Amino acid sequence: MRWFVALVLAVAAPAIAQDTMPPAPYAYQQLANPQLEAKAEGLMGTLRCLTCQGQSIADSDASMAGDMRSEIRQRIAAGESPEHIRQWLIGRYGEYISYKPQVTRTTWPLFVVPVLLLLLAVLIAARRLRRRA
Amino acid sequence: MIAEFGLAALWLAAALAALQLIAAVLGQRKGGETLALLVRPAAVAQALLCGLAFLMLLWVFARTDLSVLLVAENSNAQSPLIFKIAGAWGNHEGSMLLWVTIMAAAGGLIALIERRLPERTMSATLGAQAFVTFGFYTFILFASNPFNRLASAPQGGGLNPLLQDPGLAFHPPTLYCGYVGLSIAFSFAVGALLTRQVTPEFARVMRPWILGAWIFLTIGITAGSYWSYYELGWGGWWFWDPVENASLMPWLAATALFHSVSVLASRDALRTWTIMLGVVAFSMSMIGTFLVRSGILTSVHAFAVDPTRGMFILVLLAINIGGALALFAVRAGTIAEGERFSALSREGALVINNVTLSAVLGIVLLGTLYPLVTEAFGVRVSVGPPYFNPVSAIFVFPMLVVLAVGPLLRWRGDRLARIKTPAIAVAAVGLAALLALWLIAGIAFLELLGLTLAAVVAVAAFLPLRGRSLKRLPLPVWGMCVAHFGIAVALFGMSVDSAFTVETLTAASVGQTIDVGPWKVRLDAVEPVAGPNWTALSGRLSASYHGGAEHELTPMSRTFWAPPQTTSESALLTRWNGQLYTVIGEGTPDGRWQLRLWWKPFVTCIWLGGFLIALGGFLALVGRVSVDVRRRVATRKIAARRAEMAAV
């Protein structure tokens, strides 16, 4: 029975959260410890708000972003590392949530191309500049 | 009636673009000179007709003629007049008409006033312009007609509340002037390739157009950034959002282009580079338009979702860019290499400018398009600030070092010994700044480097004035100094904002005082307010800086009813050394109010720097154009004198 109630709540929660539920405790409230808060903010600025359009959860009024901010602040306060939380969120929501792409089988060109560009830039500059007057 | 009139004018303008294209093509053949005479008048008439069509659109919006579908969907009789008019381009169809109107106007303008190039090159250029414009006319007439009528007239939908802001009303026209102004550079590049006339004269003709477009882009981007800063209510000023990137990419290309065109104009070097960048710059404008207008992105700015249109623009894009690049590939080999120069020379520094800006452009393009590519294969990834900031810094920071010494170098070749003193001075400033910052403030690596380079560039920007008579200094040199100084100012603002911003988020009860950095902010009251098409809760805050005089701020949380949406209206207090940024959110169940307060030291420098950069461009433009005008007057006088002599 208990798991059933939990399930119903879990399914219904987003709908309820829209209007009636107050925002999660740390959605609009900072952590008391400035170092932990800075850690949390650093992380929040690099996570996508999934219900918004092109905003991070650190700059969004959406309720889901608020819930995520609260979750992150609580986890940081509990001593989790930002990267650990990021991995946990990626596990839940997919890579799309993180603005910081990781090197994976799909994203490696994002990191290889700049290196190639750097080489190309050096090459072009060197070739152009070697032709002496 | 007005709408039909506008549509008719648009069809006629399209027909004239076709005529202009045909006349230009046939005019290139031997014996086609008479036909080529048609090109200029056609371009001017086309510009006038297209302008007329756009005026008609403004008219139906100003009158809120709800029988026009576009007005019914995007305007509302209750909106203030300025937003009614801005509604004309605050939507897909209207903005595309604005785009093509500016393009036609630019084409008409060069047809009217530009007489320095060989007539054959000029008519090839206008032909290229007609080709591109014609493509956009067909797009508007067949896939995006702004004058469509509606069977029954309903209540209007209204402009997106986020866009109901006077600053934003003029944001799209400014940016479009920049985007589309680059089409002139594109057409000149194509015209020069077609007639094999890549000369310094060609560069001098093209330069003011590039500068003009670039100034508009700079202002547009700067203003857009400030808009998102105060309107979105979270104090962020750049999000690396695809739509922002869409405006940044043409800017990067245009910046590289006008540096390289200057080399071509003064030294007859970098010929192929300049042509290539001319093609790339407008291609970036078109790619940006495609990204924004096709609805392929979902972001704050995207209003249009219609795949058929997306395909249409994509095809136009492929034809224009592909065609120009193919032409470049065929002809680039035939362009003789320009003048040579040694590595240590003004040209050498500008090559580094070109190469690094192009690399940054490549990275922004990659980071913007890559998520779309992976999405097509079913994997969604995000690329944001943690990627763009460091990766572009790899290229931008070395470029800024070159920027510091490049303007000191002579053309053709120079010796290191000659610039030893200023170079050492600049390096000393950099080291001192680095050391001081490192000891005083524990800030992150990128901000540390940013602040150091800001100091270096700020000092170096004015070094070219050393030992020169300030009175006789040409305006473009002043322009360069001001623009380079603007870069330092903007970089300073960005670094300080990111390193020293203080944030306080809290739920406050009325009467409570909150600390944010050096400020004490008291919530005095929360009151309801009503506007023309919204209602709001307005907070009344008193803020005092270091216990000084109290200033009142009234941030609001507005609820619009057409379309229904809630926005946070931030209230800002500007001091010389920064801004206090306040936002009021929702009430909490226990009767308190969510307040978001930021103290952002020197944040205004970001946009001040942006406007200084644009001002520098403006000074250069005025300098160049006034020289051109003087030269033109002189040649006319000489010709008149000669005619007189011949008559005698």
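Biologist: Which helix of chain B does B:D497 lie in?

Modeller: Bear in mind that this is a predicted model. The helix spans residues 475-500 of chain B, and B:D497 falls within that stretch. Its name is α18.

Biologist: Is B:D497 buried or exposed?

Modeller: Let's count neighbours around it. A residue needs 20 or more other C-beta atoms within 10 Å to count as buried. B:D497 has 24 of them within 10 Å, so the verdict is buried.

Biologist: And which residues does B:D497 touch, leaving out those up to four places away in sequence?

Modeller: Start with a residue from elsewhere in the chain: B:E447 is 50 residues away from B:D497 along the chain, and their C-alpha atoms are separated by 9.3 Å. As for contacts, with residues up to four places away set aside, B:D497 touches B:K600, B:F602, B:V603 and B:I606.

Biologist: Let's turn to α9 of chain B. How many of its 25 residues are buried?

Modeller: α9(B) covers residues 171-195 and reaches 37 Å from its first C-alpha to its last, close to the 36 Å expected at 1.5 Å a residue. Just past its end, B:R196 takes a positive phi of about 55 degrees. The helix is mostly covered, and its buried count is 21.

Biologist: Now the strands. Which residue is the bridge partner of B:R522 in β4(B)?

Modeller: B:R522 belongs to the pairing of β3 (residues 519-530) with β4(B), which is antiparallel and has 11 bridges. A hairpin of three residues joins these two strands. Across from B:R522 in β4(B) sits B:S542.

Biologist: B:S542 again, then: which residue is its bridge partner in β5(B)?

Modeller: β4 (residues 534-545) and β5 (residues 550-553) of chain B pair in the antiparallel sense over four bridges. One of the bridges to β5(B) pairs B:A543 with B:H551. For B:S542, the partner in β5(B) is B:E552.

Biologist: Which residue in the hairpin of β4(B) and β5(B) takes a positive phi?

Modeller: Look at the link between the strands, which has four residues. The positive phi there is near 50 degrees, and the residue is B:H546.

Biologist: What does B:T535 pair with in β6(B)?

Modeller: β4(B) and β6 (residues 556-561) of chain B run antiparallel, and five bridges join them. In β6(B), the partner of B:T535 is B:T559.

Biologist: There's an open sheet of four strands in chain B too. Why is one side of β1 and of β8 left without a neighbour in the sheet?

Modeller: The strand order is β1-β10-β9-β8, with antiparallel pairing. β1 and β8 (571-575) stand at the edges of the sheet. One side of each is free of a neighbour because each has a single partner strand.

Biologist: By how many degrees are neighbouring strands of this sheet turned against each other on average?

Modeller: Take one pair first: β8(B) and β9 (residues 578-587) run antiparallel, joined by five bridges. B:T574 stands opposite B:Q579 in β9(B). Over the neighbouring strands of the sheet, with direction ignored, the average turn is 15 degrees.

Biologist: How far apart are the centres of the two assigned domains of chain B?

Modeller: The assignment gives domain 1 as 1-162 and domain 2 as 502-601. Taken over C-alpha atoms, their centres are separated by 44 Å.

Biologist: On to chain A. Which residue with a positive phi follows α4(A)?

Modeller: Chain A has five helices and zero strands. α4(A) has 12 residues (82-93) and reaches 16 Å, close to the 16 Å expected for it. The residue that follows has a phi near 95 degrees, and that's A:G94.

Biologist: What share of the residues of chain A count as buried?

Modeller: For contacts between residues at least 6 apart in sequence, 54% join residues at least 24 apart. Out of the chain's 133 residues, the buried share is 29%.

Biologist: Finally, which element gives the largest share of the side of chain B that touches chain A?

Modeller: 45 residues of chain B are in contact with 35 residues of chain A. α14 (346-376), α15 (385-405) and β1 (502-508) of chain B each give two or more residues to that side. By residue class, the side divides into 24 nonpolar, 17 polar and four charged. With 12 residues, the largest share comes from α14(B).

Conventions. Residues numbered from 1 in each chain as written. Chains lettered and ligands numbered in written order. Predicted model: local features only at pLDDT ≥ 70, side-chain atom pairs only at ≥ 80, totals over all residues. Contact = placed C-beta atoms within 7 Å. Nonpolar A, V, L, I, M, F, W, Y, C, P; charged D, E, K, R; others polar. Domains from an automatic or database assignment. Buried ≥ 20, exposed ≤ 12 C-beta atoms within 10 Å, placed from the backbone. Expected span 1.5 Å × (residues − 1). Pairing = 2+ DSSP bridges. Axes fitted to C-alpha atoms, helices over the stretch in contact; angles between N-to-C directions.
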